[in-house]
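Colleague: I'd like a close look at the pockets and cavities of this model, please. Take it slowly, as I'm new to this.

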Amino acid sequence: MKKLLDLFILAGLFASVLAPVPAAAQYPVKPVHLLVGFSPGGGVDIVARLLAQKLSERWGKPVVVENRTGAAGNIATAAVAKSAPDGYTLIMAFSSHASNPALYDKLPFDIDKDFTAVTLVATAPVVVTATPSFPARNLAGLIDYARAHPGAVKYGSSGVGTPVHLAGELMMQLTGTSMIHVPYKGISAAMTAMLGGEIDITYAAVLSGMQHFRSGRLRPLAVASRSRYPELPEVPTTAEAGLTGFEIDYWYAVLGPAGMPAPLVEKIRGDVAAIVNAPEMKQSLLAQGTVAVASSPEEASARIRSDYELWTDVVKAGKVRME
């Protein structure tokens with residue numbers, strides 16, 4: 001009798017250990033919800049929908065993109081943090097995921113404890129952009145001009161506390177310059193202001209600025225990446241232009257709630273990687289001003305952590321306050 005009982009106990013132990021594996025292998029068995037914390041038609045939404053379409057085809061189950069806008073993406077982020085760790089509620093996170101905790105005193109989630117990083121999906125190079133009438137013709141000229149004329153350079157952003165705003169704060173801190181921040185309600189309004197000559201510079205994602213670079217209505221001074229952007233081969237990186245420490249590609253990453261089983265995370269990561277690394281998807285992302293990136297969960301976590309530490313320092317030094 002004791003031997004029979006021992007066998008039942010062992011069988012239970014083996015079942016508990018192996019249970020996640022078949023669940024991951026069968027995933028998904030129902031629709032998956034991919035949350036986006038920003039409005040339809042924006043960069044995060046576009047990347048999410050490109051990926052969702054391919055995942056739906058690969059999995060044979062719908063991957064539904066849900067736009068839960070508001071609070072700089074924090075509403076969608078909080079919803080994912082509170083969801084079941086079964087892989088059926090995920091989020092396409094943006095760079096602001098790492099900067100928001102530095103800006104908001106109280107958030108209903110902890111970016112270290114409440115999420116499972118699955119993979120990076122893409123990065124969007126940031127281009128230091130000037131109007132054609134601005135006196136500086138390159139990044140070094142911009143920095144020299146800003147030093148010689150404190151408070152004369154106006155830089156526009158998509159709002160207080162946004163990654164564009166923080167990019168300007170970082171540049172001022174690295175160069176010892178003083179520029180005037182002019183916030184707008186969204187990047188579209190900031191770009192319109194640039195085209196109208198209301199402001200001198202901004203920090204534009206490639207997608208926002210490319211058509212204007214090609215038409216000559218705006219001038220790209222430098223790309224804030226480790227390498228040059230393929231579609232702007234003549235534009236140097238910020239490091240090549242003499243400004244080190246200013247590498248701030250915007251990024252997009254798939255995250256889930258904390259506690260997701262490792263086999264499930266690997267299943268999703270592997271399928272996302274297969275899609276992102278496909279030539280067709282790479283080209284689709286490039287057309288949206290982004291560079292395909294498939295990473296390990298550890299690499300995604302490290303990127304979030306390093307960005308959080310960077311923006312925490314920038315926010316403190318710049319005394320940035322949310323309105």
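Modeller: Let's begin with the second largest pocket, which is lined by 26 residues, with T123, S225, R226, D249 and R303 nearest its centre. The model is predicted, so local features need pLDDT of at least 70 and side-chain atom pairs 80 or more, while totals for chains, interfaces and linings use all residues. Residues are numbered from 1 along each chain as its sequence is written, and side-chain values use heavy atoms, without hydrogens or water.

A pocket here is an open set of points on a 1 Å grid over the protein atoms alone, with protein on both sides within 12 Å along at least five of seven lines; lining residues have an atom within 4 Å of a point. The second largest pocket has a volume (space filled by probe spheres set on the points, which are joined across faces, edges and corners) of about 570 Å³. Helix 5, strand 4 (115-124) and helix 12 (297-318) each supply at least two of its lining residues; helices (H or I, at least four residues) and strands (E, at least two) are DSSP runs numbered from the N terminus. Helix 12 gives the most to this lining, with five residues. By class, the lining of the second largest pocket has twelve nonpolar, eight polar and six charged residues (nonpolar: Ala, Val, Leu, Ile, Met, Phe, Trp, Tyr, Cys, Pro; charged: Asp, Glu, Lys, Arg; polar: the others, Gly among them).

Now turn to the largest pocket, with a volume of about 960 Å³. Its lining counts 40 residues, and F38, F94, S158, G186 and I187 lie nearest the centre. Two or more lining residues come from each of helix 3 (43-59), helix 5 (96-103), helix 7 (163-175), helix 8 (187-195), helix 9 (206-215) and strand 10 (250-257). Helix 3 has the largest share of this lining, five residues. The classes in the largest pocket's lining are 21 nonpolar, 16 polar and three charged.

Next come the cavities, where a 1.4 Å probe fits but cannot get out. The structure holds two cavities of 30 Å³ or more. In the largest cavity there is about 70 Å³ of space, lined by 13 residues, with F38, G73, T77, F94 and S96 nearest its centre. F38 and F94 may ring a bell, as they are also among the residues nearest the centre of the largest pocket. Helix 4, strand 3 (89-94) and helix 5 each give at least two residues to the largest cavity's lining, and strand 3 gives the most, four. Six of the lining residues are nonpolar and seven polar, with no charged ones.

Let's zoom in on T77, one of those nearest the centre of the largest cavity. T77 sits in helix 4 (residues 74-81) and is buried (under 20% relative accessible area, 1.4 Å probe, protein chains only), at 7%. Its side chain reaches the backbone oxygen of G73 at 2.8 Å, and G73 is itself among the residues nearest the cavity's centre. Beyond its neighbours within four places in sequence, T77 is in contact (heavy atoms within 4.5 Å) with I91, H97, F109 and F115.

Finally, the second largest cavity holds about 40 Å³ of space. V32, L34, L51, L55, W59, V63, L90, V254, I268 and V272 line this cavity, and these divide into ten nonpolar, no polar and no charged. Strand 1 (32-36), helix 3 and helix 10 (262-276) each contribute at least two residues to the lining. Helix 3 turns up again with the largest share, three residues.

Technical notes. Buried means under 20% relative accessible area, exposed over 50%, partly exposed in between (1.4 Å probe, protein chains only). A polar contact is a pair of N or O atoms within 3.5 Å; within protein, one must be able to donate a hydrogen and the other to accept it, and residues adjacent in sequence count only if both atoms are side-chain atoms.
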